[in-house]
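Let's take a walk through a protein model together. Have a look at the picture first, and then we will follow the chain piece by piece.

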Amino acid sequence: MVTGLQDKEKMMECVICKQGKTGPGKVTVTLQRGEAIIVFKKVPADVCDNCGEYYLEEQITEQLLDRAESAVKNGTEVEVLKFAA
Ligand SMILES: [Zn+2]
């Protein structure tokens with residue numbers, strides 16, 4: 001039997017350049033919330049092998065927004081975080 005594991009390897013056509021294919025990688029994501037800038041390093045994403053555009057999973061995006069929100073509440077102006085799932 002083949003398990004569902006191979007779903008994680010699926011390649012998607014890049015919607016930006018329409019030439020590349022996306023594959024798993026790590027990216028740096030910068031969010032700006034009001035006056036605050038939060039940089040997340042090593043965020044897992046699907047990255048285009050042609051233009052470098054990246055696509056985040058919805059649950060990852062939610063985590064980034066949550067953490068950005070709490071940084072803003074703490075009065076952070078600039079913060080660099082290593083993303084850990
Ligand atoms: Zn692309």
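This protein is built from one helix and five strands. Keep in mind as you look that the model is predicted. In what order do the elements come, starting from the N terminus? They run β-β-β-β-α-β, so to speak a short recipe for reading the fold. Let's follow that order along the chain.

Our tour begins with strand β1, residues 12-13, and strand β2, residues 21-33. These strands run antiparallel and are joined by two bridges. You can find one pair of facing residues here: glutamate 13 stands opposite lysine 21 in β2. In the loop between β1 and β2 you will meet lysine 18. Its phi is near 55°, a positive value in a residue other than glycine. Is lysine 18 buried or exposed? Lysine 18 counts as exposed because it has 10 C-beta neighbours inside 10 Å, and a residue is exposed if that number is 12 or fewer.

Next comes strand β3, residues 36-48, which runs antiparallel to β2. How many bridges join β2 to β3? There are eleven bridges between these two strands. As an example of facing residues, threonine 22 stands opposite cysteine 48 in β3. Together, β2 and β3 form a hairpin, with two residues between them. In the turn sits glycine 34, with a positive phi of about 65°.

Strand β3 also holds lysine 42, which has a positive phi of about 60° although it is not a glycine. How does its setting compare with the cut-offs? Lysine 42 has 15 other C-beta atoms within 10 Å, which means that it is partly exposed.

Now look at the other partners of β3. With strand β4, residues 54-55, β3 pairs in the antiparallel sense over two bridges. Here the bridge partner of aspartate 46 is tyrosine 55 in β4. β3 and β4 form a hairpin too, with five residues between them, and glycine 52 in its turn has a positive phi of about 85°. With strand β5, residues 78-82, β3 pairs in the parallel sense over five bridges. Phenylalanine 40 has leucine 81 in β5 as its bridge partner.

Let's turn from the strands to the interior. Of the 85 residues of the protein, 11% count as buried. Which residues make up the largest nonpolar core? This core has eight residues: Cys14, Ile38, Phe40, Val43, Ala45, Val47, Cys48 and Ala68. The largest share of this core, six residues, comes from β3.

One core member, Ile38, is worth a visit. Leaving aside neighbours within four places in sequence, isoleucine 38 is in contact with Leu31, Ala68, Ala71, Glu79 and Leu81. You can find Ala68 both in that list of contacts and in the core.

Finally, step back to the whole chain. Among contacts in the protein with a separation of 6 or more, 58% are between residues 24 or more positions apart.

Terms used
Residues are numbered from 1 along each chain as its sequence is written. This is a predicted model: local features need pLDDT of at least 70, side-chain atom pairs count only at pLDDT 80 or more; totals for chains, interfaces and linings use all residues. Two strands pair if DSSP finds at least two bridges between them. Helices (H or I, at least four residues) and strands (E, at least two) are DSSP runs, numbered from the N terminus. A nonpolar core is a set of buried Ala, Val, Leu, Ile, Met, Phe, Trp, Tyr and Cys residues joined through C-beta atoms within 7 Å. A residue is buried if 20 or more other C-beta atoms lie within 10 Å of its own, exposed if 12 or fewer, and partly exposed in between; C-beta atoms are placed from the backbone. Two residues are in contact if their C-beta atoms, placed from the backbone, lie within 7 Å.
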